[in-house]
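This report describes the fold of a single chain, with attention to one helix and to the nonpolar core. The sequence and the structure are shown below.

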Amino acid sequence: MIQKAKSASGILRSLDDNVRTSILTDMAEAVRNNREMLIKLNKQDVKNGKAMHLSPLMMERLRLDTARLNNIAGLLQKLSRNGRSFPLQSAIKTFR
């Protein structure tokens with residue numbers, strides 16, 4: 001997943017600023033608008049994680065709630081406003 005995020009960050013960096021801003025803004029809005037569904041789907045992910053005997057640390061990273069989703073949406077919005085001045089690699093590191 002981290003590798004996919006790194007790859008996506010390279011693609012985003014190569015896009016025109018207006019296109020990148022639009023994509024990131026749309027992503028933030030999608031997270032906000034689909035919060036309840038994301039939490040519901042995440043419950044299945046957590047259930048699957050328990051069945052796979054993931055460590056407590058991994059389970060904590062997997063778990064989503066309203067606050068985490070708001071944080072993700074806020075970070076996406078911040079990325080969209082700051083363009084190239086806010087490095088995507090730094091944002092990716094916050095989710096590790």
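The expected span of a helix is 1.5 Å times one less than its number of residues. The model considered here is predicted. In α2, 17 residues should span 24 Å at 1.5 Å a residue, and the end C-alpha atoms are indeed 24 Å apart, so the two values agree.

The buried residues of α2 are R20, L24, A28 and V31. They lie on the same side of α2, because the arc they cover around the axis is only 65°. An α-helix has 3.6 residues a turn, so residues three or four places apart point the same way. The face of α2 turned away from the buried side carries the exposed residues N18 and N33. At the N-terminal end, D16 acts as the cap of α2, with a side-chain oxygen 3.0 Å from the backbone nitrogen of N18.

The largest nonpolar core consists of 9 residues, among them L12, L24, A28, V31 and I39. Both α2 (17-33) and α5 (66-82) supply at least two residues of this core, and α5 gives the most, with 4 residues. I39, a member of the core, touches L64, D65, T66 and L69 when residues up to four places away in sequence are not counted.

The chain as a whole has 6 helices and 0 strands. Its overall values are collected in the table.

| Property of the chain | Value |
|---|---|
| Buried share of the 96 residues | 24% |
| Share of contacts with a separation of 6 or more that join residues 24 or more positions apart | 59% |
| Exposed area | about 6,900 Å² |
| Part of the exposed area from carbon and sulfur atoms | 58% |

Technical notes
Residues numbered from 1 in each chain as written. Predicted model: local features only at pLDDT ≥ 70, side-chain atom pairs only at ≥ 80, totals over all residues. Heavy atoms only, no water. Core = buried A, V, L, I, M, F, W, Y, C linked by side-chain atoms within 4.5 Å. Buried < 20%, exposed > 50% of the residue type's maximum accessible area, 1.4 Å probe, protein only. Contact = heavy atoms within 4.5 Å. Arc of directions from axis to C-beta. Polar contact = N/O pair within 3.5 Å; in protein donor to acceptor, adjacent residues only side chain to side chain. Areas by Shrake-Rupley, 256 points an atom, 1.4 Å probe, with all protein chains shown as cover.
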